[in-house]
Amino acid sequence: MKFLHTADLHLGNSFPSEDPQRRSRYRRLRFQALEDISSAAVAHGVDYLFLVGDIFEEQKISHREVVEVMERLNRLPVKVFLLLGNHDYGLFDTLEAIKGKVHLFGPQSSVYVDHGRRVMIFGESWSRHSYGKEKLIDPSVFLEGYTKILLHHGTWGGRGYFPLDPATFSGVFDYIALGHIHKGEELQSHVVMCGTPEILSFDEVGDFGYILGEGEGAITTRRISRSSLQVERVSLHSPEELEELEQSPHLLYDIHYDGVPSDYLRSLIQGNFPDSRVKFLPKSRFNYRELYGRHRDDVVGAFIRKVRAMEGSEEYLEQLMDVGLSALMGGRDD
């Protein structure tokens, strides 16, 4: 028995961009991810394709696109299992009407039994009641000698996003296929958060892809990398260092620049690395901790306390602190 496990495609959404053409390209990459994963499922000869929630971005995908996706899934020579997460559960009625051969899990826990392969596949789509809901399972329905797999969109432990209690679910299933968190991770043996196969934000740094699994009872898995876009975090100290960065339509930089904010530098970065993000981290000539220790009871100390209590970006507060202390200290730094 072989399967492919993926989730969090968010079809219809896009990596952020102010440019409409690039935003449209990023949006198409998510549909291409589903095409690639569907082709991989066929190429690897899997028996099951598990789509574990947030496959669609309900507010950003058209009805026509939903229909086209379901038609593509129905053409696959693979049994497809779909459950809905917190970003797409509102599409349940639409999908129920057009699901075809796709096995769509409803908002109540249910099980699909493949007697030929001796496999039981459990799942439950989100509903508006799922946030904070305690997931339960009835072991009395388990069939002896069958491989037991749970598909679930939610967290492993914690509270809020339809969590599974590790004390209840550890060791109960041969494999738990999770979706929801975009960074993939094996949370414990045979409990896998697959992660998104296509990144959506600058917070998503590292390896992204999908999971291939196989076995009867004893499941083995491996992660396959595939994200078209990648974010790389870099620290720069001079404009000249920009020349050393690779330019690629698939690479986005999260730049931390150790220097004074500059509109020229911002435009230079956006011109050469569109949609990359830059954060300026200017070095202050003031040592705030030592300065506050010496001026705790005077106007300088009061100013430092006031700025620390303010809300705003780190860059803005750093500049405000420097300008204010320069005025209060009259050019001195002690």
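The following exchange takes up a few helix and strand arrangements in this predicted model.

Visitor: Why is H1 called roughly parallel to H2?

Guide: Helix H1 (residues 20–43) and helix H2 (residues 63–75) pack at an angle of about 15°, with their axes 11 Å apart; because angles under 35 degrees count as roughly parallel, H1 is given that description with respect to H2. The crossing of H1 past H2 is right-handed.

Visitor: What makes the contact of H1 with H2, and how do its residues divide?

Guide: From H1 come Arg27, Phe31, Leu34, Glu35, Ser38 and Ser39, while H2 brings Glu65, Val69, Arg72 and Leu73, and these residues divide into four nonpolar, two polar and four charged.

Visitor: How do you know that E11 and E12 pair, and in which sense?

Guide: Two strands pair if there are at least two bridges between them, and strand E11 (residues 209–214) and strand E12 (residues 220–225) are joined by six bridges in the antiparallel sense, so the criterion is met. Gly213 stands opposite Thr221 in E12, and the hairpin formed by E11 and E12 has five residues between the strands, with Gly215 in the turn at a positive phi of about 130°.

Visitor: What makes E13 and E15 edge strands?

Guide: In the open sheet of three strands, with the order E13-E14-E15 and parallel pairing, strand E13 (230–236) and strand E15 (277–280) each pair on one side only. Seven bridges join E13 to strand E14 (residues 251–257), where Val231 stands opposite Leu252 in E14.

Visitor: How does helix H5 run relative to E15?

Guide: Helix H5 (residues 263–272) lies across E14 and E15 and runs at about 155° to E15; since angles over 145 count as roughly antiparallel, H5 is roughly antiparallel to E15.

How values were computed: Residues are numbered from 1 along each chain as its sequence is written. This is a predicted model: local features need pLDDT of at least 70, side-chain atom pairs count only at pLDDT 80 or more; totals for chains, interfaces and linings use all residues. Side-chain values use heavy atoms; hydrogens and water are left out. Helices (H or I, at least four residues) and strands (E, at least two) are DSSP runs, numbered from the N terminus. Axes are lines fitted to C-alpha atoms, for helices over the stretch in contact, and angles run from 0 to 180 degrees between N-to-C directions. Angles under 35 degrees count as roughly parallel, over 145 as roughly antiparallel, 65 to 115 as roughly perpendicular and the rest as oblique. A crossing is left-handed if the near helix is turned anticlockwise from the far one by less than a right angle, and right-handed if clockwise. Contact means heavy atoms within 4.5 Å. Ala, Val, Leu, Ile, Met, Phe, Trp, Tyr, Cys and Pro count as nonpolar, Asp, Glu, Lys and Arg as charged, and the others, Gly among them, as polar.
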